[in-house]
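I opened the notebook to record what I looked up in this model. The entries follow the order in which I went through them.

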Amino acid sequence: MAVPPALETPESDGDATSGGPEDLQRQSWTRRTFGAVIENPHFRNLFIGNIFQFGSMQMQLVVRSWLVFHITGSFAALGTVALANAIPGLLLSPVGGLIADRAPKKTIIQSAQIYNMANAAVLAALAAGWLGVELAFWHLFLSSFLQGGVNSIMMPSRQSMISDLVPRDRLMNVIGINSSGQTFMQLVGPGIAGFLIAALSPAAVFGVMAALYFFAVTFTMRLPTKPLYAFAQSDAGRAAKLARSGGRRSNGFKDLKDGMRYVATDPTIRMLIMVNFLIVVVAMPYTMLLAGFVKDILHKGAFEQGILQSVQGLGAVGGSIFIASSASKGRGKMMIGWGALLGVGIVAFSISTSFWITLPIMIFIGAAQAGRMAIGQVLVQSYSEEEYRGRVQSVWFMQFSLVQFGTFLVSILAEFAGPQVAIGGLAALLVLAMGLIALFVPAMRRLD
């Protein structure tokens with residue numbers, strides 16, 4: 001596959017991300033792993049903005065699920081809210097990918113962050129009773145629905161912008177570091193949310209979330225409007241595309257259809273997305289059911305739920321840093337291995353009825369989940385043609401909507417068979433599926 005040339009700019013000269021693979025291997029472990037954050041100001045601003053944004057998202061997972069279960073006492077209600085978040089994500093994610101390939105990613109990210117800040121502020125006012133209306137289930141349902149649409153449009157731009165700020169030979173490193181920063185907030189965000197719920201109120205959590213989104217906007221404002229390492233979105237790249245089309249301007253529907261055709265027909269991209277979707281749909285519903293699991297199986301509350309999710313974040317940081325410091329080889333095998341480890345960890349989680357036994361299991365799950373996400377991102381961005389990268393990312397990020405559908409189905413099963421059977425049974429199927437892929441899909445094993 002031909003790789004489009006990088007669009008070099010004076011701003012990129014001399015930064016730590018511009019060395020070749022041989023130069024990177026000669027650097028110390030610290031600089032090889034963290035050099036992009038230290039010496040590349042553009043990636044550093046994106047990285048810090050992502051940390052604030054992801055911290056708010058992690059806090060929301062705790063407070064929203066706690067409130068839904070507190071108000072309704074129903075696993076099915078947790079699944080319904082997850083479904084409300086999923087539907088607009090599936091419908092609008094391809095549009096988000098098209099926008100990411102055509103419009104300034106910085107503007108898209110900022111707009112979504114401003115909306116999320118306003119959303120958190122309104123929920124804080126409702127939860128505090130400042131608007132004279134008591135917070136109800138339908139408020140959380142509507143908020144989840146609207147936020148699902150906004151984030152599905154924003155996420156392809158947020159992730160594919162990494163490739164605009166650093167050269168391709170540092171992609172594995174910076175995606176790993178970006179993932180480690182986000183998963184660090186998985187370490188502290190849920191714990192803060194659980195503490196604030198127990199010590200103050202859910203309204204305090206939403207207030208902190210709004211503040212974090214404000215800080216995310218301030219760092220996103222510092223990003224360059226035009227990509228530094230992208231040919232397709234440069235003036236020359238647009239001219240080349242126009243020449244290939246015979247001088248005809250493309251329209252949005254055709255570009256959207258071309259992107260979906262590329263995902264469906266490129267064998268490597270299609271395989272990566274199908275394997276990732278399998279892992280996500282089967283393994284990840286446990287995260288949305290955690291509030292009910294902690295209460296009914298572990299007999300604990302919001303504070304302990306936050307601790308479990310924070311400990312999971314500790315493992316996730318380790319898994320992400322492992323990816324950031326790894327060599328760019330055998331990555332297909334790594335994705336299969338991380339998927340299998342994730343399944344094993346969730347099976348152990350579903351069996352445990354002790355909070356103290358579940359704690360170390362969550363570290364294991366966090367490492368496997370972060371490793372799976374980071375290596376999958378590296379592979380899909382490395383093997384995507386630049387012209388289609390935003391649209392490929394939009395399909396990739398459908399995983400967050402698909403997991404909500406999986407959560408809805410698992411939540412119904414949990415109502416009848418119990419959460420342990422529902423969560424553990426699907427995780428066991430994941431371990432089996434990864435074994436079959438390792439044996440019978442050699443193209444996946446051979447990916448570097």
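**Entry 1, helix 5 and helix 9.** I looked at how helix 5 passes helix 9 and found a left-handed crossing. The model is predicted, so I treat every value here as computed from it. Helix 5 covers residues 105-128, and I read an angle of about 160° between it and helix 9, with the axes 8 Å apart. Angles over 145 degrees count as roughly antiparallel, and I therefore noted helix 5 and helix 9 as roughly antiparallel to each other. I then sorted the residues of this contact by class and got 18 nonpolar, five polar and one charged.

**Entry 2, helix 3 and helix 9.** Next I took helix 3 (residues 41-72) against helix 9 (residues 202-220). Their packing angle is about 160° and their axes are 8 Å apart. This pair is therefore also entered as roughly antiparallel. The crossing of helix 3 and helix 9 is left-handed. By class, I have 17 nonpolar, six polar and no charged residues in the contact.

**Entry 3, aromatic rings.** I searched the whole structure for aromatic pairs, and seven came up. I wrote down Phe-293 with Phe-349: the ring centres are 4.5 Å apart and the planes stand at 25°. Planes under 30 degrees apart count as stacked, so I entered this pair as stacked.

Which helices hold the two residues? Phe-293 belongs to helix 13 (residues 290-296) and Phe-349 to helix 15 (residues 331-351). The pair thus ties together parts that are 56 residues apart in sequence. I checked exposure as well: Phe-293 is buried at a relative accessible area of 0%, and Phe-349 is buried with a value of 0%.

I also found one aromatic cluster, formed by Phe-52, Phe-214, Phe-215 and Phe-219. Beside Phe-219 I noted Arg-222, which lies over the face of that ring at 4.5 Å from its centre.

**Entry 4, helix 17.** I asked how many residues of helix 17 (residues 389-396) are buried. The count is eight of its eight residues, and I put the helix down as mostly covered. Among the buried residues I listed Arg-389, Arg-391, Gln-393 and Trp-396.

**Entry 5, Ser-143.** I located Ser-143 in helix 6 (residues 137-160). Its relative accessibility is 5%, so I marked Ser-143 as buried. I paired Ser-143 with Asn-119: the two are 24 residues apart in sequence, and their C-alpha atoms are 7.2 Å apart in space.

**Entry 6, two loop residues.** I found His-299 in the loop between helix 13 and helix 14. Is His-299 buried or exposed? I read a relative accessible area of 62%, so His-299 is exposed. I flagged its backbone too, since most residues other than glycine have a negative phi. Phi of His-299 is near 60°, a positive value in a residue that is not glycine.

Gly-330 sits in the loop between helix 14 (302-324) and helix 15. With a relative accessible area of 23%, Gly-330 is partly exposed. I took the C-alpha separation of Gly-330 and Arg-445 as 7.4 Å, for residues 115 apart along the chain.

Key:
Residues are numbered from 1 along each chain as its sequence is written. This is a predicted model: local features need pLDDT of at least 70, side-chain atom pairs count only at pLDDT 80 or more; totals for chains, interfaces and linings use all residues. Side-chain values use heavy atoms; hydrogens and water are left out. Rings of Phe, Tyr and Trp (its six-membered ring) pair if their centres lie within 6.5 Å; planes under 30 degrees apart count as stacked, over 60 as edge-to-face and the rest as tilted. Buried means under 20% relative accessible area, exposed over 50%, partly exposed in between (1.4 Å probe, protein chains only). A charge sits over a ring if NZ of Lys or CZ of Arg is within 6 Å of the ring centre and within 35 degrees of the ring normal. Axes are lines fitted to C-alpha atoms, for helices over the stretch in contact, and angles run from 0 to 180 degrees between N-to-C directions. Angles under 35 degrees count as roughly parallel, over 145 as roughly antiparallel, 65 to 115 as roughly perpendicular and the rest as oblique. A crossing is left-handed if the near helix is turned anticlockwise from the far one by less than a right angle, and right-handed if clockwise. Ala, Val, Leu, Ile, Met, Phe, Trp, Tyr, Cys and Pro count as nonpolar, Asp, Glu, Lys and Arg as charged, and the others, Gly among them, as polar.
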